[in-house]
Amino acid sequence: MGVYSTLWEADDWATRGGLEKIDWRKAPFYAYYKDFDIEGCPVPGPSTCASNPGNWWEGLAYHRLSAVEARKYRWVRINHMIYDYCQDRSRYPVPPRECGAGI
């Protein structure tokens with residue numbers, strides 16, 4: 001597994017229709033990864049892939065959000081999320097598989 005990233009101009013769709021302006025004077029933009037290690041599982045998630053007991057985030061306490069955590073998560077999505085590709089039907093008429101995970 002690896003990580004690949006790009007930086008590209010997306011004024012028309014990732015910036016609330018251009019409301020969030022990119023300050024191109026601050027270019028070039030750089031991204032780097034240092035000591036990056038990742039373990040991943042295909043959707044639908046932990047029940048379908050091998051678990052590593054050394055990973056604290058795989059514990060039962062982290063499989064689901066509590067009612068309070070879910071409420072806080074919804075609040076953050078409503079008040080701070082600018083773009084959600086799972087809701088972008090013009091670009092993804094059929095949502096990507098991970099969008100069905102119910103997060």
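This note covers one disulfide and one buried acidic residue in a predicted model.

1. Ground rules. The model is predicted: local features need pLDDT of at least 70, side-chain atom pairs count only at pLDDT 80 or more, and totals for chains, interfaces and linings use all residues. Residues are numbered from 1 along each chain as its sequence is written, and side-chain values use heavy atoms, with hydrogens and water left out.

2. The disulfide. The structure holds one (a pair of cysteine sulfur atoms within 2.5 Å). Cys86 and Cys99 form it, with their sulfur atoms 2.0 Å apart. Both cysteines lie in the segment after helix 1, so the pair ties together parts that are 13 residues apart in sequence. Helices are DSSP runs (H or I, at least four residues), numbered from the N terminus.

3. Handedness and burial. The torsion about the S-S bond is about -80°, so the disulfide of Cys86 and Cys99 is left-handed. Cys86 is buried, at 15% relative accessible area. Buried means under 20%, exposed over 50%, and partly exposed in between (1.4 Å probe, protein chains only).

4. Asp88. This residue sits in the segment after helix 1 (67-80). Asp88 is buried but has no salt bridge. A salt bridge needs a side-chain nitrogen of Lys or Arg within 4 Å of a carboxyl oxygen of Asp or Glu. The nearest side chain of opposite charge, Arg91, is 4.5 Å away from Asp88. Lys and Arg count as positive, Asp and Glu as negative; His and the chain ends are not counted.

5. Ser90. The side chains of Asp88 and Ser90 make a polar contact at 2.8 Å. That term means a pair of N or O atoms within 3.5 Å; within protein, one must be able to donate a hydrogen and the other to accept it, and residues adjacent in sequence count only if both atoms are side-chain atoms. Ser90 is also in the segment after helix 1. Ser90 is exposed, with a relative accessible area of 69%, whereas Asp88 is buried.

How values were computed: Helix = DSSP H or I, 4+ residues; strand = E, 2+ residues; numbered from the N terminus.
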